[in-house]
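Student: Let us work through this structure by question and answer. Please keep the reasoning short.

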Amino acid sequence: MDDLPQETGWRGSREVWLDAALTLLVEGGIDAVRIQPLAKRLKIARTSFYWHFTDRDTLLAALGDAWVTRTTTSLTAACAEYAESRAEAMLNVISCFLIDTAFDSRLEHAVRAWALQDATITARLHAEDDTRIAALTALYHRWGVTGVEADTRARAVYLTQIGYISMQVTESLATRMARIPSYVELFTDAAPSPRELARFHARHGFTG
């Protein structure tokens, strides 16, 4: 029993427990997210968990909220970000998926795996998919593309990016950057200008 956390007077904070739970979710899946392993990981007494969460279900609900903040929120913001052209607007969207602090790809993958065994998370995942696609569709509407065409184009953008995540595609930044101008032209019918690409490359620290 010596390896169990001892009460030290510090109970952590809600954010400390939640961040540790997010790490466990990404590393081991939802079955790894349990109170005792969290306590051992944090070296905090198990009873301290209950100062911040009612039970494991409350923690899981908080994980869902954190996932939305780390994915959907950034994507919808990217769709509304200022751009001088269609191509630059699409670069803003693609940029979101290239920055883990904007769209947490590992967390997204973990939540999609979680949804395979939890109907509640499946429903929430579908709702977030709809929200993201709606934001992309609104982007096309601003360009005068409407109806089924706008919906289809938005889905093409979204499903391509989620495909990268779901398939856990690994490619060098140079390879990804080489493909992006073609993706932009495919999605918008407009090629990014050299100036737009230069700004995009600088945003991601890419020197080519």
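Student: Which ring does the charged end of Arg 176 sit over?
Tutor: This is a predicted model, so every value here is computed from it. A charge over a ring needs CZ of Arg within 6 Å of the ring centre. The charged end of Arg 176 lies 3.9 Å from the centre of such a ring. That ring belongs to Tyr 164.

Student: What type of aromatic pair do Tyr 164 and Tyr 183 form?
Tutor: A pair of aromatic rings is described by the distance of the centres and the angle of the planes. For Tyr 164 and Tyr 183 the centres are 6.4 Å apart and the planes are at 70°. Planes over 60 degrees apart set the class. The pair is therefore edge-to-face.

Student: How many residues apart in sequence are the parts that this pair ties together?
Tutor: Tyr 164 lies in helix H8, residues 147-166. Tyr 183 lies in helix H9, residues 173-188. The pair therefore links two helices, and the separation in sequence is 19 residues.

Student: Is Tyr 183 buried or partly exposed?
Tutor: Buried requires under 20% relative accessible area. Tyr 164, at 13%, meets that and is buried. Tyr 183 has 21%, so Tyr 183 counts as partly exposed.

Student: Which residue forms an edge-to-face pair with Tyr 140?
Tutor: The whole structure holds seven aromatic pairs. In the pair with Tyr 140, the centres are 5.1 Å apart and the planes are at 75°. Tyr 140 is buried at 1% relative accessibility, and its partner is buried at 17%. The partner is Trp 143.

Student: Which residues form one aromatic cluster with Trp 17?
Tutor: UniProt, in an unreviewed entry, places a "DNA-binding region" at residues 34-53. Over residues 34-53 the chain is 40% helix and 0% strand, with the end C-alpha atoms 12 Å apart. The cluster partners of Trp 17 are Phe 49, Tyr 50 and Phe 53.

Student: Which element gives the largest share of the largest nonpolar core?
Tutor: In soluble globular proteins, nonpolar side chains tend to be buried together. The largest nonpolar core here has 33 residues, with Leu 75, Met 90, Val 93 and Tyr 140 making the most contacts inside it. Helices H4 (72-80), H5 (86-98), H7 (119-142), H8 and H9 each give two or more residues. The largest share, eight residues, comes from H5.

Student: Which tyrosine is in contact with Leu 75, leaving aside neighbours within four places in sequence?
Tutor: With those neighbours set aside, the contacts of Leu 75 include Val 93, Cys 96, Phe 97 and Phe 103. Arg 132 is also among them. The tyrosine in contact is Tyr 158.

Student: How many residues does the second, separate core have?
Tutor: Its members include Ala 62, Leu 63, Leu 107 and Leu 125. The count for this second core is 29 residues.

Student: How many disulfides does the count come to?
Tutor: A disulfide needs two cysteine sulfur atoms within 2.5 Å. For Cys 79 the nearest cysteine sulfur, that of Cys 96, is 7.9 Å away. Cys 79 is buried at 2% relative accessible area, and Cys 96 is buried at 5%. The count of disulfides is zero.

Student: How far is the C-alpha atom of Gly 208 from that of Met 177?
Tutor: Gly 208 lies in the segment after helix H10 (194-203). Gly 208 is exposed, with a relative accessible area of 87%. Gly 208 and Met 177 are 31 residues apart along the chain, and their C-alpha atoms are separated by 8.5 Å.

Definitions and conventions: Residues numbered from 1 in each chain as written. Predicted model: local features only at pLDDT ≥ 70, side-chain atom pairs only at ≥ 80, totals over all residues. Heavy atoms only, no water. UniProt positions renumbered as here; feature names shortened; annotations may be inferred. Helix = DSSP H or I, 4+ residues; strand = E, 2+ residues; numbered from the N terminus. Phe/Tyr/Trp six-rings, centres within 6.5 Å; stacked < 30°, edge-to-face > 60°. Buried < 20%, exposed > 50% of the residue type's maximum accessible area, 1.4 Å probe, protein only. Lys NZ or Arg CZ within 6 Å of the ring centre and 35° of its normal. Core = buried A, V, L, I, M, F, W, Y, C linked by side-chain atoms within 4.5 Å. Contact = heavy atoms within 4.5 Å.
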